[in-house]
Amino acid sequence: MPKIGDIQLPDFPLLLAPMEDVSDPPFRALCKEQGADVVYTEFISSEGLIRDAAKSVMKLDIYEKERPVGIQIFGANLDSMLQSVEIVEQSNPDIIDINFGCPVKKVVCKGAGAGILKDIDKMVSLTEAMVKHTKLPVTVKTRLGWDESSIRIVEVAERLQDVGCQAISIHGRTRVQMYKGEANWHPIAEVKNNPRMHIPVFGNGDVDSPESAMRMRDEFGLDGAMIGRASIGYPWFFKEVKHYFKTGTHLAPPTMEERVDAARRHLQMAIDWKGEKLGVFETRRHYTNYFKGIPNFKELRMKMVTSDDAADVFAAFDEALETFGHHQFA
Ligand SMILES: Cc1cc2nc3c(=O)[nH]c(=O)nc-3n(C[C@H](O)[C@H](O)[C@H](O)COP(=O)(O)O)c2cc1C
């Protein structure tokens, strides 16, 4: 069974992917309740952290109940990354993850995120320096390569392992692909099949059903699956995958009561954590999925995503339960 440093994980663990503006403490707590084995924060700028930028620092908050949790940081400057390791350590996470995969221009053009895939030596030396600078296990999340013609992920993963990286999560797309096309898991399986690899190799990209998670395990032989979009507004995804692995059958989808309860608790935790205004605003993106597939739900959804007042959103949840409590989800 895979281990990240001293953290023992179950067979084929499911990891909640780092997602900007999504993987915050309330959402991570819900995913953890539903079976996520490891959760990661959204990416946090090392430059922001060392400037003590309030928004970056707030992202370091973690709840005890979500452990094991990894804090993900990004940056390209060695000094800033090392200083931010020290800041991150004060939050006492279980893992420090380095983002070498973010494809967005403003990150890449500074040589951070997936930008570093153009300079593998730097990727390796930065990882080595960070590993030496902390007692916490350091993991890496990356993509297959910069573009189709420069995929060297087998060599890259081995070099990262050799400098002390404790696990690697690989999104099966290149930077140039952004989110287009289908994720290609074959190169990730090649990494896993390299006889020199002994750290866990987690697959990422397009795990969107229990069947696809099973393919990643059985056909591609990976050590675990990192799940992003399939969990947004649907933390039950983790439980559904585990149930399928255990029984070969599909768990019934959550009832309306369970959905309303999760939405309520999500909003309440968000308000407790970041105050009413931000809590109400930043939880909105999940409601569409929480209540997906209910006919004639538009008016209530509009109330949920446009009200600035928490009491109005909670009232909309109550109304959803009263009006659609009988709805059978497919
Ligand atoms: C809204 C959103 C935000 C994301 N933010 C991050 C991030 O902060 N750090 C990171 O490494 N990847 C980030 N990603 C990429 C995901 O972690 C993941 O690699 C990608 O979505 C593919 O996995 P999936 O098909 O399961 O969603 C983000 C993806 C989405 C959709």
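1. Starting with the ligand: 18 residues surround it, and those that come nearest are Pro18, Glu20, Asn204, Asp206 and Arg229. Keep in mind while reading the rest that this is a predicted model. As for where the ligand sits, that is the largest pocket.

2. On to the polar contacts of the ligand. One of its nitrogen atoms is 2.8 Å from a polar backbone atom of Glu20. On the oxygen side, a polar side-chain atom of Asn204 lies 2.6 Å from a ligand oxygen, and an N or O atom in the side chain of Asn99 is 3.1 Å from an oxygen atom of the ligand. In terms of area, the ligand taken alone exposes 600 Å², and the protein buries 88% of that.

3. Ser23 deserves a look too. You'll find Ser23 in the loop between β3 (14-16) and α1 (25-33). Is Ser23 buried or exposed? Its relative accessibility is 1%, and the cut-off for buried is under 20%, so Ser23 counts as buried. A polar atom of the Ser23 side chain lies 2.8 Å from the backbone nitrogen of Met19. Setting aside neighbours within four places in sequence, Ser23 is in contact with Leu16, Ala17 and Pro18, as well as with Arg28, Tyr40, Thr41 and Glu42. Pro18 turns up here as a contact of Ser23, and Pro18 is also one of the residues that come nearest to the ligand.

4. Next, helix α7, which covers residues 153-162. Its buried residues are Ile153, Val156, Ala157, Glu158, Leu160 and Gln161, so if you're going through the list by residue type, note that Glu158 and Gln161 are in it. What covers these buried residues includes two helices, α6 (120-133) and α8 (186-193), plus the strands β7 (138-143) and β8 (167-171). Just after α7, Gly164 takes a positive phi of about 110°.

5. Helix α8 is the other side of that story. Pro187, Ile188, Ala189 and Val191 are buried in α8. The cover over them includes α7 and β8, along with β9 (201-204).

6. Leu144 ties in with both helices. Leu144 is found in the loop between β7 and α7, and with a relative accessibility of 3% this residue counts as buried. Which residues does Leu144 touch, not counting those up to four places away in sequence? The list runs through Ile151, Arg152 and Ile153, then Ile170, His171, Gly172, Arg173 and Thr174, and then Asn184, Pro187 and Ile188. Of these, Ile153 is among the buried residues of α7, while Pro187 and Ile188 are among those of α8. For a distance restraint or a sanity check, Leu144 and Gly221 are 77 residues apart in sequence and 17 Å apart in space, C-alpha to C-alpha.

7. Lastly, some backbone geometry to look over. Arg67 and Pro68 are joined by a cis peptide bond, with omega about -5°; Pro68 is found in the loop between α3 (54-58) and β5 (69-74).

8. Two residues other than glycine have a positive phi. For Phe12 the value is near 45°, and for Asp52 it is near 65°. Phe12 is found in the loop between β2 (7-8) and β3, and Phe12 is buried, with a relative accessible area of 4%. Asp52 lies in the loop between α2 (46-50) and α3, and counts as exposed at 56% relative accessibility.

Technical notes
Residues are numbered from 1 along each chain as its sequence is written. This is a predicted model: local features need pLDDT of at least 70, side-chain atom pairs count only at pLDDT 80 or more; totals for chains, interfaces and linings use all residues. Side-chain values use heavy atoms; hydrogens and water are left out. Helices (H or I, at least four residues) and strands (E, at least two) are DSSP runs, numbered from the N terminus. Buried means under 20% relative accessible area, exposed over 50%, partly exposed in between (1.4 Å probe, protein chains only). A polar contact is a pair of N or O atoms within 3.5 Å; within protein, one must be able to donate a hydrogen and the other to accept it, and residues adjacent in sequence count only if both atoms are side-chain atoms. Contact means heavy atoms within 4.5 Å. A residue is near a molecule or strand if one of its heavy atoms lies within 4 Å of it. Accessible areas come from the Shrake-Rupley method with a 1.4 Å probe; for residues, only the protein chains shown count as cover. On a 1 Å grid over the protein atoms alone, a cavity is a set of points where a 1.4 Å probe fits but cannot get out, and a pocket is an open set with protein on both sides within 12 Å along at least five of seven lines; lining residues have an atom within 4 Å of a point. A molecule sits in a cavity or pocket if more than half of its atoms lie within 2 Å of its grid points.
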